[in-house]
Amino acid sequence: MFTLQNLPYDYSALEPYIDTETMQIHHDKHHAGYVKNLNEALTGKEKLLDMDIKDLLQNLSDVPKDIFNKVKNNAGGVANHNLFWQIMSPKDLSGKPSVELEEAIKEAFGSFDTFKEKFSTTASGRFGSGWAWLIVDNGKLEIVDTANQDSPVSERKSPILCLDVWEHAYYLKYKNMRVDYIKAWWNVVNWKGVSDLYDGLR
Ligand code: MN
């Protein structure tokens, strides 16, 4: 069975950038819903239920056709939100990228500002629901986006930063202004957490 990962901070911890009510609904309803639907879809499929979420996403070809879409969407929803909570933190604890990560970002994108700009543009340009990602692929940093709950993990890439641009992530506070949400979100990126993920891959 898959379980709902707790938020590593209070619902209000990301205020004023991400509001308490959004965090409550996002975690307790949306994220919890993906967990519930995934377990339901996999009822009786003990082998798949025993996998960890990363293994499941990397082995979607083992999932029977009749439940494939439900499993793919909800497994992505579970894993993507697990990472999303982890790579955010209250602003006063958000820290800075490690020297190694900062160097890698400069090498891949020219400068830290260019990286932020490119990531923001990718996130705002994602048509409809989806995610923007900073991934490590063969040791190289790349910015990509995915539709719906698709996860780069399924393509054997290693995400170290992600941004949920589903309307449920920002609509209560920012309405249709996704760009304002993205701009605010940079204040609560947990650079210590992102750096730990990056350093763990090296
Ligand atoms: Mn979400």
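**Entry 1: the manganese ion**

I started with the manganese ion in this predicted model. Which protein atoms are the donors of the manganese ion? I found NE2 of His26, NE2 of His81, OD of Asp164 and NE2 of His168, and they lie 1.9 to 2.1 Å from the ion. I then wrote down how these donors are spaced along the chain, and the pattern reads H-x54-H-x82-D-x3-H.

Next I looked up where two of the histidines sit. Histidine 26 belongs to helix α1 (residues 20-41), while histidine 81 belongs to helix α4 (residues 68-86), so this pair ties together parts that are 55 residues apart in sequence.

Are histidine 26 and histidine 81 buried or exposed? I noted 2% relative accessibility for histidine 26, which counts as buried. Histidine 81 has a relative accessible area of 0%, so I put it down as buried too. The cut-off I needed here is that buried means under 20% relative accessible area.

**Entry 2: aromatic rings**

How many aromatic pairs does the structure hold? I noted 14. I picked two of these pairs to look at one by one.

My pick from helix α6 was phenylalanine 112 with phenylalanine 115, a tilted pair with 5.7 Å centre to centre and 50° between the planes. Why are these two separated by about one helical turn? They are 3 residues apart in helix α6 (residues 112-125), and that spacing makes about one turn of the helix. I also checked their surroundings, and both phenylalanine 112 and phenylalanine 115 are buried.

The other pair I chose is tyrosine 174 with tyrosine 181, again tilted, at 6.0 Å centre to centre and 55° between the planes. Tyrosine 174 has 13% relative accessibility, so I filed it as buried. Tyrosine 181 is buried as well, with a relative accessible area of 1%.

While I was at tyrosine 174, I looked over its ring face. Lysine 173 lies there, 5.7 Å from the ring centre.

Then I followed the ring pairs outward from phenylalanine 112. They link Phe109, Phe112, Phe115, Phe119, Trp185, Trp186 and Trp191 into a cluster.

**Entry 3: a hairpin**

I turned to the strands. How do strands β1 and β2 run? Strand β1 (residues 130-137) and strand β2 (residues 140-147) are antiparallel, and 8 bridges join them. I traced one partnership across the hairpin: leucine 134 has isoleucine 143 in β2 as its bridge partner. A reminder for myself is that side chains in a regular strand alternate between the two faces of the sheet.

The hairpin has 2 residues between its strands. I stopped at asparagine 138, which lies in the loop between β1 and β2. Its phi is positive, about 50°, although asparagine 138 is not a glycine. I noted a relative accessible area of 78% for asparagine 138, so it counts as exposed.

A second asparagine caught my eye. Asparagine 148 is not a glycine, yet it has a positive phi of about 55°. I located asparagine 148 in the loop between β2 and β3. With 39% relative accessibility, asparagine 148 counts as partly exposed.

**Entry 4: the largest pocket**

What is the volume of the largest pocket? I wrote down about 390 Å³. This pocket is lined by 19 residues, and the closest to its centre are Lys54, Leu83, Val153, Pro159 and Leu197. I then asked which elements give two or more residues to the lining, and the answer is α3 (53-58), α4 and β3 (158-164). Helix α4 gives the most, with 5 residues.

**Entry 5: odds and ends**

I checked threonine 122, whose place is in helix α6. Threonine 122 has a relative accessible area of 18%, so it is buried. I also compared its position with that of valine 35: the two residues are 87 apart along the chain, and their C-alpha atoms are separated by 27 Å.

My last stop was a peptide bond. Is the bond between glutamate 15 and proline 16 cis or trans? I found a cis bond, with omega about 0°. Proline 16 lies in the segment before α1.

Note on methods. Residues are numbered from 1 along each chain as its sequence is written. This is a predicted model: local features need pLDDT of at least 70, side-chain atom pairs count only at pLDDT 80 or more; totals for chains, interfaces and linings use all residues. Side-chain values use heavy atoms; hydrogens and water are left out. Donors are N, O and S atoms within 2.8 Å of the metal (3.2 Å for Na, K and Ca); water is not among the atoms, so sites may look incomplete. Helices (H or I, at least four residues) and strands (E, at least two) are DSSP runs, numbered from the N terminus. Buried means under 20% relative accessible area, exposed over 50%, partly exposed in between (1.4 Å probe, protein chains only). Rings of Phe, Tyr and Trp (its six-membered ring) pair if their centres lie within 6.5 Å; planes under 30 degrees apart count as stacked, over 60 as edge-to-face and the rest as tilted. A charge sits over a ring if NZ of Lys or CZ of Arg is within 6 Å of the ring centre and within 35 degrees of the ring normal. Two strands pair if DSSP finds at least two bridges between them. On a 1 Å grid over the protein atoms alone, a cavity is a set of points where a 1.4 Å probe fits but cannot get out, and a pocket is an open set with protein on both sides within 12 Å along at least five of seven lines; lining residues have an atom within 4 Å of a point. Grid points are joined across faces, edges and corners, and a volume is the space filled by probe spheres set on the points.
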